[in-house]
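Reader: I am new to reading protein models, and I would like to understand how the labels used for them are justified. Could we go through one together?

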Amino acid sequence: MSTMSQRSHLTDSEAWRDVGRLDGGQTQAEVAQAIGVSQSVISRIWNRFWRLELQAEDQDKVLDGQQRPMKIVI
């Protein structure tokens, strides 16, 4: 019997806490089971985190003496 809940959204603080768990070495499946969501929810959070990290790195790069414009991911 599955104990998965039918949660549809996580708060920002919950999402960041989950990213911390992943950074700490837990698998997506372990984090998902601990908070009662599917692994795909954790995968989407992780991917969103990495898009934000790449954007931040991109903003720090300088091209031809000019800073690149900010990319917005929706």
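Author: What follows is a conversation about this predicted model, in which each label is set against its cut-off.

Reader: Which helices and strands does the protein chain have, and in what order do they run?

Author: The secondary structure of the protein chain comes to 3 helices and 2 strands, and from the N terminus on the elements follow the order α-α-α-β-β.

Reader: Where is the confidence highest, and where is it lowest?

Author: Helix α2 (residues 28–35) has the highest confidence, at a mean of 94, while strand β1 (residues 62–63) has the lowest, at 54. For the protein chain the mean pLDDT is 77, and 61% of the residues reach 70 or more.

Reader: Why is the pair of Trp16 and Phe49 called edge-to-face?

Author: Two values are needed here, because a pair of aromatic rings is described by the distance of the centres and the angle of the planes. The centres of the rings of Trp16 and Phe49 are 5.6 Å apart, and rings pair if their centres lie within 6.5 Å, so these two count as a pair. Their planes stand at 85°, and an angle over 60 degrees counts as edge-to-face, so that name applies to this pair. The structure holds 2 aromatic pairs, and ring pairs link Trp16, Trp46 and Phe49 into a cluster.

Reader: What makes the pair of Trp16 and Phe49 a link between distant parts of the chain?

Author: Trp16 belongs to helix α1 (residues 12–23) and Phe49 to helix α3 (residues 39–60), with their positions 33 residues apart in the sense that they are 33 residues apart.

Reader: How do you know whether Trp16 and Phe49 are buried or exposed?

Author: The relative accessible area of Trp16 is 47%, and because buried means under 20% and exposed means over 50%, Trp16 falls in between and is called partly exposed. Phe49, with a relative accessibility of 10%, is under the 20% limit, so Phe49 counts as buried.

Reader: Why is Arg17 called exposed, and what is the case for Asp23?

Author: Arg17, which lies in helix α1, has a relative accessible area of 52%, and since exposed means over 50%, the label fits Arg17. Asp23 is also placed in helix α1, and at 53% relative accessibility Asp23 passes that limit, so Asp23 counts as exposed.

Reader: Which residues make up the largest nonpolar core?

Author: This core has 12 residues in all, including Leu10, Val19, Val31, Ile45, Trp46 and Phe49. Helices α1, α2 and α3 each supply at least two of its residues, and α3 gives the largest share, 5 residues. Within the core, Val19 touches Ile45, Trp46 and Phe49, when residues up to four places away in sequence are not counted. In soluble globular proteins, nonpolar side chains tend to be buried together. Over the protein chain, 23% of the 74 residues count as buried.

Reader: What does the UniProt record place at residues 27–45?

Author: The record, an unreviewed entry, gives the feature "domain: HTH cro/C1-type" for residues 27–45. In the model, the chain over these residues is 79% helix and 0% strand, and the end C-alpha atoms are 13 Å apart.

How values were computed. Residues are numbered from 1 along each chain as its sequence is written. This is a predicted model: local features need pLDDT of at least 70, side-chain atom pairs count only at pLDDT 80 or more; totals for chains, interfaces and linings use all residues. Side-chain values use heavy atoms; hydrogens and water are left out. Rings of Phe, Tyr and Trp (its six-membered ring) pair if their centres lie within 6.5 Å; planes under 30 degrees apart count as stacked, over 60 as edge-to-face and the rest as tilted. Helices (H or I, at least four residues) and strands (E, at least two) are DSSP runs, numbered from the N terminus. Buried means under 20% relative accessible area, exposed over 50%, partly exposed in between (1.4 Å probe, protein chains only). UniProt positions are given in the numbering used here, feature names are shortened, and annotations may be inferred rather than shown by experiment. pLDDT is the predictor's confidence in each residue, from 0 to 100. A nonpolar core is a set of buried Ala, Val, Leu, Ile, Met, Phe, Trp, Tyr and Cys residues joined through side-chain atoms within 4.5 Å. Contact means heavy atoms within 4.5 Å.
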